[in-house]
Each structure stands twice: as C-alpha cells, then as structure tokens.
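Q: I have a protein model open and I'm not sure how to read it. Could you walk me through some features, one at a time?

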Amino acid sequence: MPGHLLLSSMGKQVLRPGGCKLTEDLLAALDIGPGDHVVELAPGVGATAKLIFERNPGGYTGIERDEQAAAQVNAKAKNHRYQCIVGKARETHLSSHSCHVVLCEAHLAMQAEDRRRKIVAEAFRILRPSGRFGIHELCLRPDSLEAESQQRVREELARATQAGVYPLTVPDWGDLLVDAGFQIRHQSTVSMRILEPVRLIRDEGIGSTARIALNILKTPAARRRVLAMRRMFRQHSKNLGAVAIVAVKPKR
Ligand SMILES: C[S@@+](CC[C@H](N)C(=O)[O-])C[C@H]1O[C@@H](n2cnc3c(N)ncnc32)[C@H](O)[C@@H]1O
C-alpha cells in the first residue's frame, strides 16, 4: 500500500510534508478572500479545504480522484458554492480563465515529469490573468544536491513509501512553474518531519495522534512500514524538506 494511503488508513488526516504550518503559510501568501473562486487539486480528505472554507471564498471546487475522499471534503463544505468533484488534476474539465486561485499540496511530487507538467499547465489554463497558483511539496536539499544523490534519495523514498515519489530541489520546483508561464511571488521551506511526534501532535492534535499511534501499534504490518518510513526520513533528513511556492499568472 502506498505510504500516504497506509497513513490515512491509520487515521492520519494531514498527508503533506510541511504539515499545517507550511499550509498556513501558503494560504496566507495566497491571500484568499470573498472575491475568489478557489480550485484545489487533490484535496484528499479536506484538511486544507476546511481552512479555505474559513476564509469564505466566493466559490470552491475540489478535484479529487478518490470518491471516498471527495465525499469527506463535501461533508466539510457547508455552502452550496463549495463542492468537490471526482476527477483528474491534469484534466479538470473546468473552463479556461475561470478561477482566481489554484492550489495543490502533496500531489505533484508523486507524479512523473510529463504528468507534473500537464497538471501545472492545467492550473495555468483555468486561472484568470493575475490568478495565483500555490503548491506545497516535498523537496530535495540543498539546492546544489548532485543529480546522482537526488536519484538515490528518490529510489530510497520509493522503496520506503511503496510509491513513485519524485521530489525536486526548490529551484527546480520554481523552474517547473516558470516554464509553464508563471512568475514566482513567494517561497518558503520547512523541515520534513511528518512522522516526528511534535509535528504529529501539531498537525493532528493529541487525541488523534493517540488514536493513530494505537492503530499502528495494533497492526504489526503497518507498524513495520511506518517505522521503516520514519527511519528512511530520518536517515535523509538533511536532504529532505518541504516547500511552499506561490506563483502568479501574468496579465496578458
Ligand atoms: C498525499 S495525498 C494529499 C492530500 C491533500 N492534498 C493533503 O495535503 O493532505 C494525495 C491525494 O491525491 C489524490 N490523487 C491522486 N491522483 C490524482 C489525480 N490524478 N487527480 C486528482 N487527485 C488525485 C489521492 O486520491 C490523494 O487524496
């Protein structure tokens, strides 16, 4: 089972490398308000969607591949102008120039390069001129990390998480957006500490953290996997981080 699905089956809601802190930073930089129609690509079960709803955007559309996850986002949406539909991030079927903000967290790093470019191009297509695109993804560091070392870290990540994971350095994430036509406005980074106790409690709360820990302890196969993932993250803590970038679609 891919690592993020294993963790969510144990009750984990926040499945992104920089946790809630980097998400709050991203949302502040996106400056979402009542005049904005927001599109969230791959919202998962809607932990960030809930924070977006608190900013009362004019509209919200989530595009999530997993039906059950989409239903959980819709359960959190207490407004008929907010909905999550089952679909693909690279092909939303939304109209061109139809939204003010697009965001995507912990999804692009799990896509191979061609798909990643298609998703960023789709974000560019559906945004209005001056629209904002925000990403929160796993990154490699330092920026000067050699290609060979980058590849080694990706291979070990894929082994530990049983999923294709293709993080980039911060400058390479920036280039991906600039290549699609965006202009970078903001970027920030934090350490990748998704399975560390302090971060777990900050992201999930004490009650949920205790439930997650109990579920993992009760399930030997899950315990082995989670401990192996954490060991791998600790071994490579110097080379792994989380980045948030906000970019703008230029006026014509
Ligand atoms: C690691 S989770 C991140 C969820 C959420 N953004 C978060 O940060 O907690 C990745 C999500 O992407 C969804 N997903 C995977 N492929 C997708 C696709 N092609 N289109 C839309 N969603 C997709 C998965 O179902 C999952 O909910």
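Q: Let's start with glutamine 150: is it buried or exposed?

A: Before we look, a word on the model: it is predicted, so local features need pLDDT of at least 70 and side-chain atom pairs count only at pLDDT 80 or more, while totals for chains, interfaces and linings use all residues. Residues are numbered from 1 along each chain as its sequence is written, and side-chain values use heavy atoms, with hydrogens and water left out. Now the idea: buried means under 20% relative accessible area, exposed means over 50%, and partly exposed is in between (1.4 Å probe, protein chains only). Glutamine 150 has a relative accessible area of 9%, so it is buried.

Q: Which helix holds glutamine 150?

A: Helices (H or I, at least four residues) and strands (E, at least two) are DSSP runs, numbered from the N terminus. Glutamine 150 belongs to helix H6, residues 147-161.

Q: What lies 2.9 Å from a polar atom of the glutamine 150 side chain?

A: Think of a polar contact as a pair of N or O atoms within 3.5 Å; within protein, one must be able to donate a hydrogen and the other to accept it, and residues adjacent in sequence count only if both atoms are side-chain atoms. Here the partner is the backbone oxygen of leucine 145, at 2.9 Å.

Q: Where is the cis peptide bond?

A: Look at omega: it is about 0 degrees for the bond joining arginine 141 and proline 142, and that bond is cis. Proline 142 sits in the loop between strand E5 (127-140) and H6.

Q: And aspartate 143, where does that lie?

A: In the loop between E5 and H6 too. Aspartate 143 has 48% relative accessibility, so it counts as partly exposed. Its C-alpha atom is 6.4 Å from that of valine 170, although the two are 27 residues apart along the chain.

Q: How far apart in space are the C-alpha atoms of tyrosine 60 and arginine 81?

A: They are separated by 6.5 Å, with their positions 21 residues apart along the chain. Tyrosine 60 is found in strand E2, residues 59-64. Its relative accessible area is 0%, so tyrosine 60 is buried.

Q: What about glutamine 13 and serine 208?

A: That pair is 195 residues apart in sequence and 9.1 Å apart in space, C-alpha to C-alpha. You'll find glutamine 13 in the loop between helix H1 (3-9) and H2. At 34% relative accessibility, it counts as partly exposed.

Q: How far apart are cysteine 20 and glycine 174?

A: They are 154 residues apart in sequence and 21 Å apart in space, again from C-alpha to C-alpha. Cysteine 20 is in helix H2, residues 19-30, and with a relative accessible area of 13% it is buried.

Q: What is there to notice about phi at alanine 42?

A: Check the sign of the angle and the residue type together: alanine 42 has a positive phi of about 55 degrees, although it is not a glycine. It is in the loop between strand E1 (37-41) and helix H3 (47-53). Its relative accessible area is 21%, so alanine 42 is partly exposed. Alanine 106 is another residue with a positive phi, near 50 degrees, that is not glycine; its loop runs between strand E4 (99-105) and helix H5 (113-126).

Q: Which residues come nearest to the ligand?

A: For this, a residue is near a molecule if one of its heavy atoms lies within 4 Å of it. There are 17 residues around the ligand, and Arg16, Ala42, Glu64, Ala89 and Glu105 come nearest.

Q: Which polar atoms of the protein are listed beside the ligand's own oxygen and nitrogen atoms?

A: A ligand oxygen is 2.7 Å from an N or O atom in the side chain of arginine 16. An oxygen of the ligand is also 3.4 Å from a polar backbone atom of leucine 15. A ligand nitrogen is 2.9 Å from a polar backbone atom of glutamate 105.
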